[in-house]
Every structure is written in structure tokens, then in C-alpha cells.
Amino acid sequence: MKSSVFQVESMVVPGGTESIVRGGRDLFPLLPEALHGVERIGVLGWGPQGRAQALNLRDSLAGTGITVSVGLRPGSASAEDARTQGFTEENGTLGGWLEVAQASDLVILLIADAALAANHEQIFAVLKPGATIGLSHGFLLGHLTAIGSDFPEGHPVIAVCPKGMGDSVRRLYRQGETVNGAGINASIAVHADPDGHGWDRALAWSIGLGSPYTFATTLADEYRSDIVGERAILLGAVHGLVEAMYRYFRIDGADPVTAYERSTEAITGPIARTISNDGLVAVRAACGDQDLFDRAYSAAYRPARDLVAEIYDEVADGTELRSVILAEQRLATRPMTEIGGSPMWSHSTAVHARRGSDSTIDPVTAGLFVATMMAQVDEFAARGHAWSEIVNESVIEAVDSLLPYMHARDVAYMVDNCSRTARLGTRRWGPRFQAAYEQIALPQLQNPADATLLEEFVDNPAHDALAAAAKLRPSVDISV
């Protein structure tokens, strides 16, 4: 990472250092200079990310003369909401996606992954010469690679990838009005840089979104870690785990509300808060029965690691991406059913009403969850990802963004209301994790803990990397 405008710092991580840039509203006056000639930014799409990013960039660039406009597909149902937020045809900030793409110097592609795969050629064809292509996900690179294609020559290709949902990106940005630096961390990548200004433009975009901490990655590493994470510890594994643990506690004799509290409520509440505040090892110490945590961790780590590795392979070779693209055609006539119909979710209202004493951490639930999180951490490390990316994609995004949101609205709600790519992945891999917990991990709970695995957990370099990243955490919790 380099910049002629912003201060690039070195963050000490296991084995060396990584370059990062701190954000903050005090840097907003530098954004026009860093954007290097960008006078019009076009945000294509009005999903959660599109909405949040368009609003944040417009607010951050207010008074600079740089226009932020929104481009939507003809007949889009999102147009009315965009208008209510001040993006209108009359003021030249709302139009068709090809019209907006053609007029923009920086074109940020935030339409759904499968739709972008199907329509990218139309968009590329209308771009201004030298216009910058912006992405918040590397899915399109994976698709282009799979079909033997590439981005058009002569265009800078950059990415800014917030490590949280669009709602979080907007809510924490608004919190930053009173707390400088409040926001969602983001990774950035420069895939093509023909004019030499890619890093500055990416940093300006990230800081303009409110990112308190920006770190560098590659577009290929980003989509692999992001898509794997969605299917593993961020969504898929969490859904599989809470379903498995609810059934486990019910079979063991717990009433439905207690079973829900010991499974879902424990993960989204006290386990997430403990990791966010004190780190992963602190969860082990907070359990009432550390030996049971150790046995649960030992039983779950290897089957979870095997699944994460399998997902990674299928993402890297394009299999998982092709499944998303195939689903786009199928879902045009067969919408996805909602996961929230599972019997356990009918008890969420009663559980939420009993909140106030939800500090109990069940050692079995905690052991399985932490083992899965560490399995993803270790698999990403083995695949060569940078430490900032590892801890953000495997830990920080989970405990500081997604799990608090699930705590407020339930895991099933989150799964049913996330991006289509994530929803598809959760439905495919969540049951695989559930089966691994029920058929492999839980039956091994009676076995002694694996001392070597526990030693590797306690001494894992990820703890140092997480502690370094935690120093850059905003002083406010996510607003849900």
C-alpha cells in the first residue's frame, strides 16, 4: 500500500509488519486530492451496500464539487427509496445504470454478484476512457477468470471491501458524526493501475465510507476469504452450529427457551462480546467448565477445518461461484424459502424478553464455536492470507458486526436478509456444518481433550494479530 496523500503506517503482526491507514472525519478535506481528477462517482445498485456507500460518499464529499450519483436497472423497485434519500433525476444524481456508468469517472459496481456476472460486458462497453472501475467484492474477478476474460485495458481497477453489512456501514458512519473514526474496517486492493493513482483513490473511497482502519489485500484473496467466510464462521457455520446445539440441548432435557439461550443467545451475546473485548482465549477462561470447553474444542476443530478447506477449494476453483450464477436463473421463478421457519426460532421472543442476565457461556457451545473460528483462521493462514485479512474476515467482522446484528434480530433473520451470494452459501454449507457437529464432534465429547490442539490454540499467532487490530477499534459498538 502506498499513498501520496494519506499517512501509511506499519502495524506489527506475527512474522513482520503490514501497511495500514487510519481513517477519521478529519481526513475528509483530503478526499478530492486523493481521488485525482474524479469529478463524478457513479454507484450502481441500491442494495444494502449500494445504499450505504452512496449515502456515505455523498455526505463525506459534500461541498467539494464531486457528485455522487446512483444508477439502477430500468424499472428497479429501489428507485423510490433512492429518491427519498435525495438521489433524483431532477438533480442529476439518479438514472439508469448504463447512463450513470457512462457519465462517471469512478464507477462502483454494487449490483448483485450474479447480475454483475451477467451484465458486466454492457457496463464495460459504455465506460469513459480511463474511468476507474470500483468493486466491493472480488466475485467478478473470479467469474472473469473462470470464463477466460478480464477487465478492459486502460481502466484502473480498485476495490474497497467493508468488513460488515451495508446497514452497519451506514449506522457506524452516522455514529462517527460524534465519534471521529467510527465505522467499519475495510480492505482495499488495486488490481490494475495504469495511471498510478489507484491506491490513493481506493484509500479516499475507504476513508469516505468511514473506515477506521484500512488494510491492503489482493482482489483474488479478497473474494476467496470473503466467500469462504460467509459459508463458514460468519454465517453458514453459525447457522449450522446453533441448529445443532439447540437440538443437542433439547435431547439432553432442556426446555426450548433454555436450549435457545445456551445455543444461539450464547454465541451472539456473551461469546461475541468476550471475543470482541478480550480475545479468543478469554472465552475459554470465562467458561464455568474449562475441561468441557477443551473437549468440545478438540472434538470440533478437525471436522471444522476439513469443511473450511473444502469450501476454500471450491471457491478457488470457481465451483462455488458457478453455483451462484446458476442459481440466478433458477431463482427468477423459484424464490428461496426462508430459514426462519425452523421450530427453534419461534422461541426467540421469549428469550429476548428474559435478557438482562445473558452472561452465561455454555462450554460446549463455546468450544465448538471457537474451534470453528480458529479452523478458519488457520486455514486462511495456511493459504497465505495477510494477518489483517485473516482476523478481520474470521473474527472482527463476526464479533463486531454480524453477531451483534444477529443478537438483535436472530441468526435466521440475518441469513434470510443478507446478500443472495451469502444466502445461497449458507443454505449449501450450513447443513454440512450441522452434520459435522452432530455426527462427528458432539459424539466425541466424552474423549479427553487433545493437549497438542489446545497448546496450538493458546499459542496461536492470531492472538497477537487480533490484539494489534483491536487497538484500532472504534470507541463505539455497532448500532443495530
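# Reading helices, strands and burial

Visitor: Why are helix 10 and helix 16 called roughly antiparallel?

Guide: Helix 10 and helix 16 count as roughly antiparallel to each other because angles over 145 degrees are given that name. Their axes cross at roughly 160 degrees, and that value is over the cut-off of 145. Keep in mind that we're looking at a predicted model.

Visitor: Where are these helices, and within what distance do their axes come?

Guide: Helix 10 covers residues 236-251 and helix 16 covers residues 363-382, with axes that come within 11 Å. The crossing is right-handed. On the helix 10 side, the contact is made by Ala 237, Val 238, Leu 241, Met 245, Tyr 248 and Phe 249. Helix 16 brings Val 364, Thr 365, Leu 368, Phe 369 and Thr 372.

Visitor: What makes up the contact of helix 10 with helix 16, by class?

Guide: Nine nonpolar residues, two polar ones and no charged ones. Thr 365 and Thr 372 are in the contact, and Thr falls in the polar class.

Visitor: On to the sheet. What is the strand order?

Guide: It's an open sheet of 10 strands, ordered 1-2-10-9-8-7-6-3-4-5, and the pairing is mixed. From one strand to the next, the twist averages 30 degrees.

Visitor: Why do strand 1 and strand 5 count as edges?

Guide: Strand 1 (9-13) and strand 5 (94-96) each have a single partner strand, so one side of each has no neighbour in the sheet.

Visitor: How do you know that strand 2 pairs with strand 10?

Guide: Pairing takes at least two bridges, and three bridges join strand 2 to strand 10 (residues 213-216). The two run antiparallel. Within that pair, Val 21 stands opposite Thr 214 of strand 10. Helix 17 (residues 387-409) packs on the sheet and touches strand 1, strand 2 and strand 10. The direction of helix 17 makes about 125 degrees with that of strand 10.

Visitor: Gly 16 sits in strand 2 too. Why is Gly 16 called partly exposed?

Guide: The relative accessible area of Gly 16 is 31%. Buried would need under 20% and exposed over 50%, so Gly 16 lands in between and is partly exposed.

Visitor: What makes Leu 141 buried?

Guide: Leu 141, in helix 6 (residues 139-146), has 9% relative accessibility. That value is under the 20% cut-off, so Leu 141 counts as buried. Leaving aside neighbours within four places in sequence, Leu 141 is in contact with Phe 151, His 191, Leu 219, Ala 220 and Tyr 223. Take His 191: Leu 141 is 50 residues from it in sequence and 9.5 Å from it in space, C-alpha to C-alpha.

Visitor: What stands out about phi of His 36?

Guide: Phi of His 36 is near 50 degrees, a positive value in a residue other than glycine. His 36 lies in the loop between helix 1 (31-35) and strand 3 (40-44). With 24% relative accessibility, His 36 falls between 20% and 50%, so the label is partly exposed.

Visitor: And Asp 410: buried or exposed?

Guide: Buried, because the relative accessible area of Asp 410 is 11%, and that is under 20%. Asp 410 is in the loop between helix 17 and helix 18 (411-416). Phi of Asp 410 is near 85 degrees, again a positive value in a residue other than glycine.

Notes. Residues are numbered from 1 along each chain as its sequence is written. This is a predicted model: local features need pLDDT of at least 70, side-chain atom pairs count only at pLDDT 80 or more; totals for chains, interfaces and linings use all residues. Side-chain values use heavy atoms; hydrogens and water are left out. Axes are lines fitted to C-alpha atoms, for helices over the stretch in contact, and angles run from 0 to 180 degrees between N-to-C directions. Helices (H or I, at least four residues) and strands (E, at least two) are DSSP runs, numbered from the N terminus. Angles under 35 degrees count as roughly parallel, over 145 as roughly antiparallel, 65 to 115 as roughly perpendicular and the rest as oblique. A crossing is left-handed if the near helix is turned anticlockwise from the far one by less than a right angle, and right-handed if clockwise. Contact means heavy atoms within 4.5 Å. Buried means under 20% relative accessible area, exposed over 50%, partly exposed in between (1.4 Å probe, protein chains only).
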